[in-house]
Amino acid sequence: MRRSVDEKIRKKLQIFFWIMFGVYLILLCYFLFFAEITGRNYHERTYHYNLIPLREIGRFLKYHETLGFTAVFLNLAGNVLAFVPYGMMLPLLAHRCRRFWYVTLLSFEFSLLVEVIQLVSKVGSFDVDDLLLNTIGGAIGYLCYLLTKAFWSRFLRGNKTDET
């Protein structure tokens, strides 16, 4: 009896996480390709790219006073934070995604897909620094998953000992 209740709860949680992942991907695509707040300018649609690692990161840090806090934060922290949910949700959705290297690789691949789409569609720019920051975000998301998992297992273990 207890096992069937646990399986029902697990199945509902799985459906919930898939729905949340879908909502996350829709919002991410909106902000990456359509949101004017992120500087999407459709008047000047040309190819923009940076293939030199750390060039844009260095430029944002060097000219942070001129560019302003918002621009620097959106570019640097925004690229990391945008991929934290991706790295956190993958292990919840697929058992094979419960390894750090695998989630990090998938974060890189998804970021590469986004960057290529931005280049081809001339929306935004292809930037190797974004690949780096997005991949770091996915890795941080995986570490958040591990911390959350450890917290919940400890919390649940504590509740089981309280009941006995």
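## Helix packing and ring pairs in a predicted model

Val114 is buried, its relative accessible area being 5%. This is a predicted model, and Val114 makes a handy place to start looking around. The residue lies in helix H5. Set aside the neighbours within four places in sequence, and Val114 is in contact with Leu32 and Phe33. There's another long-range link here: the C-alpha atoms of Val114 and Cys29 are separated by 8.6 Å, although the two residues are 85 residues apart along the chain.

Staying with H5, let's look at its packing against H4. Helix H4 covers residues 69–93 and helix H5 covers residues 100–121. Their axes are 10 Å apart, and the helices pack at an angle of about 130°. That angle makes H4 oblique to H5, because it falls outside the ranges for roughly parallel, roughly perpendicular and roughly antiparallel, the last of which needs over 145 degrees. As for handedness, H4 and H5 cross in a right-handed way. On the H4 side, the contact is made by Phe83, Tyr86, Gly87, Leu90 and Pro91. H5 brings Val103, Leu106, Ser107, Phe110 and Ser111 to the contact. Sorted by class, the residues in this contact of H4 with H5 come out as seven nonpolar, three polar and no charged.

H4 has a second partner in helix H2, which spans residues 55–62. The axes of H2 and H4 come within 10 Å and cross at roughly 155°. With over 145 degrees as the cut-off, that makes H2 roughly antiparallel to H4. This crossing is left-handed. Here H2 supplies Ile57, Phe60 and Leu61, while H4 supplies Ala71, Val72, Asn75 and Leu76. By class, the contact of H2 with H4 holds six nonpolar residues, one polar and no charged.

Now for the rings. A search of the whole structure turns up 16 aromatic pairs. Two of them are set out here.

| Ring pair | Centre separation | Angle between planes | Class |
|---|---|---|---|
| Phe21 and Tyr86 | 5.9 Å | 35° | tilted |
| Phe69 and Phe73 | 5.6 Å | 20° | stacked |

What does the Phe21 and Tyr86 pair link? The pair ties together distant parts of the chain, with Phe21 in helix H1 (residues 2–33) and Tyr86 in helix H4, 65 residues apart. Are these two residues buried or exposed? Phe21 is buried at a relative accessible area of 10%, and Tyr86 is buried too, at 8%. Both values sit under 20%, so both residues count as buried. As for why the pair is called tilted, its planes at 35° are neither under 30 degrees apart, as stacking needs, nor over 60, as edge-to-face needs.

The pair of Phe69 and Phe73 is a local affair. Both residues lie in helix H4, four residues apart, which is about one turn of the helix. Their planes are at 20°, so the pair is stacked. Phe69 counts as exposed at 67% relative accessibility, whereas Phe73, at 38%, counts as partly exposed.

One more thing to pick out on the structure: ring pairs join Trp18, Phe21, Tyr24, Phe83, Tyr86 and Phe110 into a cluster. Some of those names have come up already. Phe83 and Tyr86 belong to the H4 side of the contact with H5, and Phe110 belongs to the H5 side.

Key
Residues are numbered from 1 along each chain as its sequence is written. This is a predicted model: local features need pLDDT of at least 70, side-chain atom pairs count only at pLDDT 80 or more; totals for chains, interfaces and linings use all residues. Side-chain values use heavy atoms; hydrogens and water are left out. Axes are lines fitted to C-alpha atoms, for helices over the stretch in contact, and angles run from 0 to 180 degrees between N-to-C directions. Helices (H or I, at least four residues) and strands (E, at least two) are DSSP runs, numbered from the N terminus. Angles under 35 degrees count as roughly parallel, over 145 as roughly antiparallel, 65 to 115 as roughly perpendicular and the rest as oblique. A crossing is left-handed if the near helix is turned anticlockwise from the far one by less than a right angle, and right-handed if clockwise. Contact means heavy atoms within 4.5 Å. Ala, Val, Leu, Ile, Met, Phe, Trp, Tyr, Cys and Pro count as nonpolar, Asp, Glu, Lys and Arg as charged, and the others, Gly among them, as polar. Rings of Phe, Tyr and Trp (its six-membered ring) pair if their centres lie within 6.5 Å; planes under 30 degrees apart count as stacked, over 60 as edge-to-face and the rest as tilted. Buried means under 20% relative accessible area, exposed over 50%, partly exposed in between (1.4 Å probe, protein chains only).
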